[in-house]
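Hi everyone, thanks for making time this morning. I'd like to walk you through one ligand site and a helix beside my favourite residue in it. Let me put the model up.

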Amino acid sequence: MAIVLLGFMGVGKSTVGEKLSSLLNLPYIDLDTAIIEKEGKSIPEIFEQYGEAYFRKVEHEILAQYLPQDIVLSTGGGIVENEDNMRLLKENHFNIWLDASHEVIFKRIAFDKNRPNAHNKSQNEIKKLYNSRVSRYNEIAYIKVSNEDDITSCVQQIHNLIMTDDEN
Ligand code: S3P
């Protein structure tokens, strides 16, 4: 059963995921990286050449492949856009929602060319997208952890939760 990191773009899912995997001594998989490797193309190239719907289809296939494994899995912020992903994630126990305010998020991701859903978007557009996804993260999250200031305490909090959980 995977330990899944969820949350909007720029909340630090990959950084936290890597640190957590070494603390827990579990393999680490970044879903976006797995998509890039499978397709042999960058995320902006996939969006541009095949469209977001195609990206979501590949994202779903890779999620379904990795979810049953004992790994730490970082997902992309838009994983909750797909109903099939929501269905799969609802059955998973350790869904860790990393969060930060949309102001902090905007500062971290604005103008990032590697993120087609953030690139050239205004702060208001990012806020709208963030707000449209919050209830979906909330619906499937086991716990919400803030990753706004101190990453060490964020990772520690998640680690403690996992180590003391009955499911572990
Ligand atoms: C996306 C988030 C990205 C990546 C793709 C789409 C989104 O992942 O999957 O660019 O729609 O929120 P990160 O959350 O790691 O940036």
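Look at Arg133: an N or O atom in its side chain is 2.6 Å from an oxygen atom of the ligand. Taken alone, the ligand exposes 390 Å², and the protein buries 96% of that. Please keep in mind that this is a predicted model.

Two more ligand oxygen distances are worth your time. For Lys13, the distance is 2.7 Å, again to an N or O atom in the side chain. For Gly77, the partner is a polar backbone atom, 2.8 Å from a ligand oxygen.

So which residues come nearest to the ligand? Of the 13 around it, they are Lys13, Asp32, Arg115, Asn117 and Arg133.

Let's stay with Asn117, which sits in the loop between α6 (102-109) and α7. Is Asn117 buried or exposed? Its relative accessibility is 16%, and because the cut-off for buried is under 20%, Asn117 counts as buried. Its side chain makes a polar contact with the side chain of Glu52, at 3.4 Å. Among the other residues Asn117 touches are Met9, Phe47, Arg56 and Arg133.

Glu52 takes us to helix α4, residues 52-66. That helix has 15 residues and reaches 21 Å from first C-alpha to last, close to the 21 Å expected. Its buried residues include Phe55, Arg56, Glu59, Ile62, Leu63 and Tyr66. As for what covers the buried residues of α4, the list includes β2, α2, α3, β3, α5 and α7.

That's my tour, friends. Over to you!

Notes
Residues are numbered from 1 along each chain as its sequence is written. This is a predicted model: local features need pLDDT of at least 70, side-chain atom pairs count only at pLDDT 80 or more; totals for chains, interfaces and linings use all residues. Side-chain values use heavy atoms; hydrogens and water are left out. Helices (H or I, at least four residues) and strands (E, at least two) are DSSP runs, numbered from the N terminus. The expected span of a helix is 1.5 Å times one less than its number of residues. Buried means under 20% relative accessible area, exposed over 50%, partly exposed in between (1.4 Å probe, protein chains only). Contact means heavy atoms within 4.5 Å. A residue is near a molecule or strand if one of its heavy atoms lies within 4 Å of it. A polar contact is a pair of N or O atoms within 3.5 Å; within protein, one must be able to donate a hydrogen and the other to accept it, and residues adjacent in sequence count only if both atoms are side-chain atoms. Accessible areas come from the Shrake-Rupley method with a 1.4 Å probe; for residues, only the protein chains shown count as cover. Lists of a residue's contacts leave out its neighbours within four places in sequence.
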